[in-house]
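Biologist: I've got a model open on my screen and I'd like to know what backs up the words people use for it. Can we go through them one by one?

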Amino acid sequence: MPLDPQVRALIDQASAAGLPPYPTLSAEEARRVMVLRMAMTAGEPQAVAAVSNRQIPGPDGPLLLRTFTPAGSGPFPILVYFHGGGFVVGSVETHDHLCRALANASGCIVASVEYRLAPEHKFPAAVDDAFAATRWVTDNAADLLGDARRIAVGGDSAGGNLAAATALRARDEGGPALRYQLLIYPVTNHNFDTPSYHENGSGYMLSRADMEWYWNHYLAREEDGLHPYASPLRAEDLHGLPPALVATAEYDPLRDEGEAYANRLREAGVPVAFTRYNGLIHGFLRYHNVLDRSRQALDEMGAALRETMRF
């Protein structure tokens, strides 16, 4: 399918803004640039019934957890959410508007985790934080007006990677029990040699050079990229994982690895709902305030969560 016209306008707008590419910047500079990029398209944040910040215990000190509670009466299902940003940029703040929209669309409490970023904290620090936060949310669900029997993990891009790794680790370590995993254009493999990397490696917001820069910051050693908690696609066994929704974008270098992971899950007997969003690019869900197709995708993901997370 041709590139969506609204996406083309978005790419042109980003190009005209003249913001420098991440590989030319330090991690700190890139984080500031991401805030500027997000501000260009964030729009007015949706209202939710309640937003709360709290510090929860992490493996190496406290972690910020921001919860978004939808309208209605609890106990609510909970989506533990990990933001995207290549393990290097992004934050609870940059994804505030998306988490609000997900809470409203899904009827879930969205618990957004401020995990440690690279290169200050290399793999597996982010995975350790994601798993610890998921355990804490499960153990303290009632205090959040949530239901510990209905916990899902989810995230976009690098956050999708952390959600998949958390599901693997929860299976490997005997819990917590997870109802669902929402994997939005996820990073699943430390590998740049796929057709989608060759087709979409430049010109569509996320580039191959960006991904190489991210991975180089995230991994202390090249061989760490072989670990299944860094590259879930490399896990030998995917049996026993929770049902998944996997969403990819046609014009995304990560398209093929996300789809390969969906296929691997299905082959392992895991129920999988999969959608490739044709005409769209990596990160499209963050642009739900300016892209009609992104709003549609958000509604579809919210409906899937509502159906899966109900009693």
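**From label to number**

Modeller: Sure, and let's start with the overall size: a compact globule of 311 residues would have a radius of gyration near 19 Å, and the chain has 18 Å, so the two agree. Bear in mind that this is a predicted model.

Biologist: What box do the C-alpha atoms fill?

Modeller: Roughly 45 × 45 × 35 Å, taken along the principal axes. Inside that box the chain has nine helices and eight strands.

Biologist: How much of the chain counts as buried?

Modeller: Of the 311 residues, 60% do. The accessible surface comes to about 11900 Å², and 51% of that belongs to carbon and sulfur atoms.

Biologist: What share of the contacts joins residues at least 24 apart?

Modeller: If you take contacts between residues at least 6 apart in sequence, 77% of them do. As for charge, the mean positions of the 27 positive and 37 negative charges are 4 Å apart.

Biologist: Now single residues. Why is Asn-200 called buried?

Modeller: Buried means under 20% relative accessible area. Asn-200 has 3% relative accessibility, so it counts as buried. You'll find Asn-200 in helix H6, residues 195-200.

Biologist: What makes the link from the side chain of Asn-200 to Asp-252 a polar contact?

Modeller: The cut-off is 3.5 Å between N or O atoms. The side chain of Asn-200 reaches the backbone oxygen of Asp-252 at 3.3 Å, so the pair falls within that cut-off. Leaving aside neighbours within four places in sequence, Asn-200 is also in contact with Glu-250, Tyr-251, Pro-253 and Arg-255, among others.

Biologist: And Thr-94: buried or exposed?

Modeller: Buried, because its relative accessible area is 9% and the limit is 20%. Thr-94 sits in the loop between strand S3 (76-82) and helix H3 (96-106).

Biologist: What does the side chain of Thr-94 reach?

Modeller: One of its polar atoms lies 2.9 Å from the backbone nitrogen of Ser-91. The side chain of Thr-94 also makes a polar contact with the side chain of His-95, again at 2.9 Å. Beyond its neighbours within four places in sequence, Thr-94 is in contact with Met-34, Val-35 and Met-38.

Biologist: Which residues of helix H7 are buried?

Modeller: In H7, residues 208-218, they are Asp-210, Met-211, Trp-213, Tyr-214, Trp-215, His-217 and Tyr-218. Their cover includes helix H2 (27-41), helix H4 (125-139), helix H5 (158-172) and H6. At the start of H7, a side-chain oxygen of Ser-207 comes to within 3.4 Å of the backbone nitrogen of Ala-209.

Biologist: Which backbone details deserve a label of their own?

Modeller: A bit of background helps here: most residues other than glycine have a negative phi, and most peptide bonds are trans. In this chain, the peptide bond from Gly-74 to Pro-75 is cis, with omega near 5°. Pro-75 lies in the loop between strand S2 (61-69) and S3. The bond from Phe-123 to Pro-124 is cis too, with omega near 10°, and Pro-124 lies in the loop between strand S4 (109-114) and H4.

Biologist: What is the phi of Phe-87?

Modeller: Near 70°, a positive value in a residue other than glycine. Phe-87 is in the loop between S3 and H3, and at 3% relative accessibility it counts as buried. Met-205 has a positive phi as well, about 80°, although it is not a glycine. Met-205 belongs to the loop between H6 and H7.

Biologist: Why is Met-205 called partly exposed?

Modeller: The partly exposed class runs between 20% and 50%. Met-205 is at 28% relative accessibility, so that is where it falls.

Biologist: Last one: how far apart are the C-alpha atoms of Leu-64 and Arg-54?

Modeller: They're separated by 5.9 Å, though the two residues are ten apart along the chain. Leu-64 is in strand S2. Not counting residues up to four places away in sequence, Leu-64 touches Asn-53, Arg-54, Gln-55, Val-92, Ser-112, Val-113 and Glu-114.

Terms used
Residues numbered from 1 in each chain as written. Heavy atoms only, no water. Helix = DSSP H or I, 4+ residues; strand = E, 2+ residues; numbered from the N terminus. Rg over C-alpha atoms; globule rule 2.2 N^0.38 Å. Buried < 20%, exposed > 50% of the residue type's maximum accessible area, 1.4 Å probe, protein only. Contact = heavy atoms within 4.5 Å. Areas by Shrake-Rupley, 256 points an atom, 1.4 Å probe, with all protein chains shown as cover. Lys, Arg positive; Asp, Glu negative; His and termini not counted. Charge placed at Lys NZ, Arg CZ, Asp CG, Glu CD. Polar contact = N/O pair within 3.5 Å; in protein donor to acceptor, adjacent residues only side chain to side chain.
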